[in-house]
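Hello,

Here is the structure I promised to pass on to you. Please have a look at it first, and then read on for my notes.

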Amino acid sequence: MIPESLRALIADTAGQRTVEWQGRSLLILNQEWGELVVCHQGAQVLHYQPTGDSPWLWVTETPAALPGSIRGGIPLCWPWFADEFPEGESELHGPARKADWRIDAVDEEEEGVEIHASPVSALHAALSPRVVIFASRRFLKVELITENRGEAPIKMTGALHTYFAVPNAFECRVTGLAGASYLDKRQDFSRFDQQGELGVRGPLDRIYQTSQVQVLEDGKRQLRIAKQGSDSTVVWHPGDAPPADTSVENARSFLCVETACTRLDPVWLPPGAQHLLAQHISPLSGDEASGE
């Protein structure tokens, strides 16, 4: 689920420390409640594993060299998502995921941790982002908060591009999407309605228009994916033609279920206003699993 070299660094950590990995600076926490790894590049959560469980997030075995970004974990797509970049820009998914971020605060408690991060350098002339990460034995939550410090409304999109670790992507089921309208990016953004719940059986790249909670069922566990500030859920897997930084075999071990603001629900942020994009991941409770 994560590279062996990264696993070794986590195993050698007692408490909290900052280390170098793949040319990047990482904050590693290995506590009684679990494990968390945050990369300074992109303020990207690379790894989360509550005590007694297996990793919830996937990271490629062959990360791209700098200045490329690491595939896996929870990349931040900001202040645009996919090809929704403004005129004059060309960076897919925006500059946030490749930028250097500073860790502003690490507030540890017995039950978990709260981490605050901000970019080292300005990433936009008017928009200012910050990230808050909450982790405990019971949940992982990532908040991406954007403030418009300019003098005019600004259109933005974005995503928390989460790579979930799964035994086999093509045996997964994502519930909570039944009846939702979606754009199929593999069919020139044609619009369809989801018939029943989504069973993943091959490559797909869909933008669902929904604010509902989803549940990822992978045959071994059920993860509840709740969100704020988002009316789009992106479900993506490349099938057996993965990007160059990932093997076919390794790619079968992830499925992306992304909390997003896309072309279906762009945000127009007024001057002085803030927007919160958040994803809250937790195990499905017994009552929820039984439908009570």
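Below is what turned up, going from the first helix to the aromatic rings and then to the nonpolar cores. Please keep in mind that this is a predicted model.

**The first helix**

A good place to start is helix α1, which spans residues 4-11 and has L6, L9 and I10 buried. These three share one side of α1, because they span an arc of only 100° around the axis. That fits a general rule: an α-helix has 3.6 residues a turn, so residues three or four places apart point the same way. On the face turned away from the buried side you will find the exposed residues E4 and A11. And what covers the buried residues of α1? The cover includes the strands β1 (15-21), β2 (24-31), β3 (34-39) and β4 (44-50).

**Aromatic rings**

The structure has 8 aromatic pairs. One of them joins W58 and F254, with 4.5 Å centre to centre and 45° between the planes, a tilted arrangement. W58 sits in the loop between β4 and β5 (76-77) while F254 belongs to strand β21 (residues 254-261), so this pair ties together parts that are 196 residues apart in sequence. W58 counts as buried because its relative accessibility is 0%, and F254 counts as buried at 0% as well.

Another pair to look up is Y182 with Y208: the ring centres are 4.9 Å apart and the planes meet at 45°, so this pair is tilted. Here too distant parts of the chain are linked, since Y182 is in strand β14 (residues 181-184) and Y208 in strand β17 (residues 204-209), 26 residues apart. Both Y182 and Y208 are buried.

W58 and F254 also belong to one aromatic cluster together with Y163 and W236. Elsewhere, R263 lies over the face of F189, at 3.9 Å from the ring centre.

**Nonpolar cores**

In soluble globular proteins, nonpolar side chains tend to be buried together. In this model the largest nonpolar core has 54 residues, and the members that touch the most others are L36, V45 and L140. Strand β8 (residues 127-136) gives this core its largest share, 4 residues. If you would like one residue to click on, try L36: leaving aside residues up to four places away in sequence, its contacts include L27, I28, V45, V113, I133 and L140. There is also a second, separate core of 13 residues, with I2, L26, C39 and V59 among them.

Enjoy exploring, and best wishes!

How values were computed
Residues are numbered from 1 along each chain as its sequence is written. This is a predicted model: local features need pLDDT of at least 70, side-chain atom pairs count only at pLDDT 80 or more; totals for chains, interfaces and linings use all residues. Side-chain values use heavy atoms; hydrogens and water are left out. Buried means under 20% relative accessible area, exposed over 50%, partly exposed in between (1.4 Å probe, protein chains only). Helices (H or I, at least four residues) and strands (E, at least two) are DSSP runs, numbered from the N terminus. The arc is that of the directions from the helix axis to the C-beta atoms. Contact means heavy atoms within 4.5 Å. Rings of Phe, Tyr and Trp (its six-membered ring) pair if their centres lie within 6.5 Å; planes under 30 degrees apart count as stacked, over 60 as edge-to-face and the rest as tilted. A charge sits over a ring if NZ of Lys or CZ of Arg is within 6 Å of the ring centre and within 35 degrees of the ring normal. A nonpolar core is a set of buried Ala, Val, Leu, Ile, Met, Phe, Trp, Tyr and Cys residues joined through side-chain atoms within 4.5 Å.
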